[in-house]
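Here's a new structure to find your way around. Have the model open and take it one region at a time.

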Amino acid sequence: MIRIENGVFSLETQNTSYLFRVTTRGHLEHVYYGARVSASDVDALAIKNTIMLGTTVAYDAKDAAYSLETLPQEYSGIGKGDFRHTPMELILEDGSFVTDFVYESHSAFATPIADAALPFAKGKGETLTVVLADKKYPNLKMELSYTVFEECNVIARNVKLCNGGEGDVYIRKLMSFMFDLPRADYTMLTLDGGWAKEAHIHERPVSYGILVNDSTTGDSSNRHNPAFMLKKKGAGEEWGEVLGFNLVYSGNHYSAVEMGNHDTLRVMSGINPHCFLWKLKAGESFSTPQAVMSYTMGGTNGLMANMHDFVNNHIIREEFRASERPIVINNWEATFFHFNRRKLLALARKAKGLGVEMFVLDDGWFGKRNSDTAGLGDWTVNTKKLPGGITALAKKINNMGMQFGLWFEPECVNEDSDLFRAHPEWAIRVPGREASYGRNQLVLDLTRNDVRDYIVNALDAVLSTSPIAYVKWDYNRHISDMYSATLANQGEFFHRYILGLYEVLDRIFCQKHPNVLLESCSSGGNRFDLGMLCYSPQIWTSDDTDARERMDIQKGVYCFYPPSCVSCHVSMTPNQQTLRDVPLATRFNVAAFGVLGYELDFGELTPDERRQIKRQIAFYKAHRKTLQYGLFACVDAGKDREGWQISRGDECIAGIYNLDYHTSPARDTLRVLSTEKDATYTVKTVEQRLKISRFGSLIKHVFPITLKADGAILRFVNRHFSMKDGTESYTVSGQGLSHGVPLAMQYSGTGYHTALRLLGDWASNLYLIQKIDNKKGTNNNG
């Protein structure tokens, strides 16, 4: 809800208030962002600046105490006394950097704003736009827009700079939002990493100076995700004040948190000014990407709930909003480039028999693509591998009762390709410099109209002639040698590339093929951001499919992105990225908290393992809506443990994971957050199996005859049989669950009992918690 009265602007969500006002000099003063308050509190909540402070600069001679350096602001400029980190650097007609934007007007709208070139949040929301004008150049105007998404406690902001003057203005920096907070006792949480170790959580105390979270790779990057939190001192997973921020953008981003004099805090986010210089001609305007922010008193779980709700209801395209994502088998780790039609169909038949719903053909189906050194860019099928082409293969898959999906990497090209030989000028390179390569490929120049047309037409030709329900859109390198012969100003390159990408995605997946499910990928989670999610309802989280590594990666991603868009695959062990041998149950127990898929050769599994996977898939299908769209939360499960749970309606699925195992381990407790205290619940272990080989040479001590752990008898037994592990069942009140139910002991090295949980390193259990209908004595969720 937006309320405006006497120069005070009040933006209200279900649980928060955001207050700012126009000062006597026309600047926008930030007053408050936090739990719901009354707009009438504005005077009491405002910072009091009574006298001039030493070395500050008074804005004018009328009031020595009025200094922009001590005024908490909504958006600051340069050269009028505010020496803090600036959200804006403009070169004006007179060649100076000095700006002084003051209030001119405002408008309120009953809908969110939209932009022709950038993806913005959609759905139910109200928008306030405040127009500011520069005092020297009044035809240079800045529009600050605030869209309030009331139900999910999110406010989206962006800036539009309009040059109504007669001369050019150069933009060196223009953040999507900025505001000042009065107290700085916060910790900054960021998601950092690299290839195969994306989104690891790091926390740093905010202290004097500037903390920066940014990307310069041409994309949102696996180095530093654009999302971040500010956690008030004492905040944890379940309680405490937390602010969260993100950016609806897929290119170079920049966020800064500055602690200044008197412990004030300045926060901003937007396009990275790195190599950025935009010429804004007379009569033109420039819009920044949309930034989003949220506040909660419910700890990081509360912030996650707000952000997840926002993504599911306002970012994901309407065609896929709340739709259940299919279970896929991707052939990559099973075959790499070495496949033919017979191998693919055999893999598909095994997958279908286990309950898989979609077959995805990955890299290697086109051109002379037998390795990553050739063929990229030539989107014509290799009929030696696939006689009859993609259409015939897709129809065969469809006839089995599965959907068909296909991999593309449209933004890149190999030099050894027909496309490069025909159009070498389409590749991004600097004339006179030797090119740099990533995965033996160059990036295509999406700032060019002809390149964008080629990509759209090439993919449309494939999608229009074959029954393809899903596209995996990959992008396996960062941008170097950034240059386009079509641009007079290379400072516009990075942003124009992203605008070109958004145009291509819109033309293919919003206009031509709106019902094709798009999964974005960029060497894993290199472009996991809200901008891509506006086109791609799910994103490949990481090329690392090791379940232990995925616990860290997915926990970071869940801080801002819901399980419905987090693509997770079960793969073979030893894992191809880590050589770690994680139990099959844990591989599923981690992947189930998201969009489940498999990436392995089912023929290499034992009959017993295939039976386990069939049970896994059946369980996932029965509870898919909860696992993809439930309320996700992290729960403290103790040292060397991880606790996840997700609830929807009257059921909850909880996982407890061993990160490391220690002899005679601490006892585990299952504590469930989202319960009705007076209701009754059943708690049951989700069935999982234990390989008999897990006992190693101990096995010879429990049989009347001596059996070798690696002997023929036990090898046969392990292929066909396994043991139930850790079966538990309880009936308990919601109050009891909230307090915590002590679980059965883990194996402690002193013997075996049927009630033991035989876990060890990297093992886990899932628990299904369902509310009982006391009138009928049955569960409400099947």
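**Spaces, cores and charged pairs**

Let's start with empty space: the largest cavity holds about 130 Å³. Keep in mind that you're looking at a predicted model. Around that largest cavity sit 17 lining residues, and the ones nearest its centre are Gln73, Tyr75, Ser76, Gly77 and Phe101. What classes of residue make up the lining of the largest cavity? There are 7 nonpolar, 7 polar and 3 charged residues. Counting cavities of 30 Å³ or more gives 6. If you're wondering how such spaces are found, rolling a probe the size of a water molecule over the atoms shows where empty space is left.

Now for the pockets. The largest pocket takes in about 560 Å³ of space. It has 30 lining residues, and Ala116, Leu118, Pro119, Asp506 and Tyr535 are the closest to its centre. Two helices that each supply at least two residues to this lining are H2 (299–315) and H8 (493–512). Which of the elements gives the most to the lining of the largest pocket? That's H8, with 9 residues. Sorted by class, the lining of the largest pocket has 15 nonpolar, 11 charged and 4 polar residues.

Helix H8 comes up again when we turn to the nonpolar cores. The largest of these cores has 199 residues, and the members that touch the most others are Leu230, Leu361, Trp365 and Phe602. H8 provides the largest share of this core, 11 residues. A second core, separate from that one, has 15 residues, among them Ala637, Leu670, Leu743 and Ile769.

It's worth stopping at Leu361 for a moment. Once you set aside its neighbours within four places in sequence, Leu361 is in contact with a list of residues that includes Asn331, Phe339 and Leu344. Also on that list are Leu386, Ile390 and Leu393, followed by Phe404, Gly405, Leu406 and Trp407.

Next come the charged pairs. Across the whole structure there are 48 salt bridges. One of them joins Arg84 to Asp82, with the closest N and O atoms 3.0 Å apart. Arg84 and Asp82 are both buried.

Another salt bridge pairs Glu409 with Arg439, and here the closest N and O atoms are 3.8 Å apart. Glu409 is in the loop between strand S23 (403–408) and strand S24 (412–413), while Arg439 is in the loop between helix H6 (418–422) and strand S25 (442–443), so this pair ties together parts that are 30 residues apart in sequence. Are these two partners buried or exposed? Glu409 counts as buried, because its relative accessibility is 0%. Arg439 has a relative accessible area of 26%, so it is partly exposed.

Further along, the side chains of Glu687 and Arg615 form a salt bridge at 3.6 Å, N to O. Glu687 lies in the loop between strand S35 (680–685) and strand S36 (689–690), and Arg615 belongs to helix H12 (residues 607–622), so this bridge ties together parts that are 72 residues apart in sequence. Glu687 is partly exposed, with a relative accessible area of 41%, and Arg615, at 32% relative accessibility, is partly exposed too.

Finally, go back to Glu409 and Arg439. Through salt bridges that share partners, they join Asp363, Arg369 and Asp372 in one network.

Key. Residues numbered from 1 in each chain as written. Predicted model: local features only at pLDDT ≥ 70, side-chain atom pairs only at ≥ 80, totals over all residues. Heavy atoms only, no water. 1 Å grid on protein atoms, 1.4 Å probe; cavity = no way out; pocket = protein on both sides within 12 Å on 5 of 7 lines; lining within 4 Å. Points joined across faces, edges and corners; volume = space filled by probe spheres on them. Helix = DSSP H or I, 4+ residues; strand = E, 2+ residues; numbered from the N terminus. Nonpolar A, V, L, I, M, F, W, Y, C, P; charged D, E, K, R; others polar. Salt bridge = Lys/Arg side-chain N within 4 Å of Asp/Glu carboxyl O. Buried < 20%, exposed > 50% of the residue type's maximum accessible area, 1.4 Å probe, protein only. Core = buried A, V, L, I, M, F, W, Y, C linked by side-chain atoms within 4.5 Å. Contact = heavy atoms within 4.5 Å.
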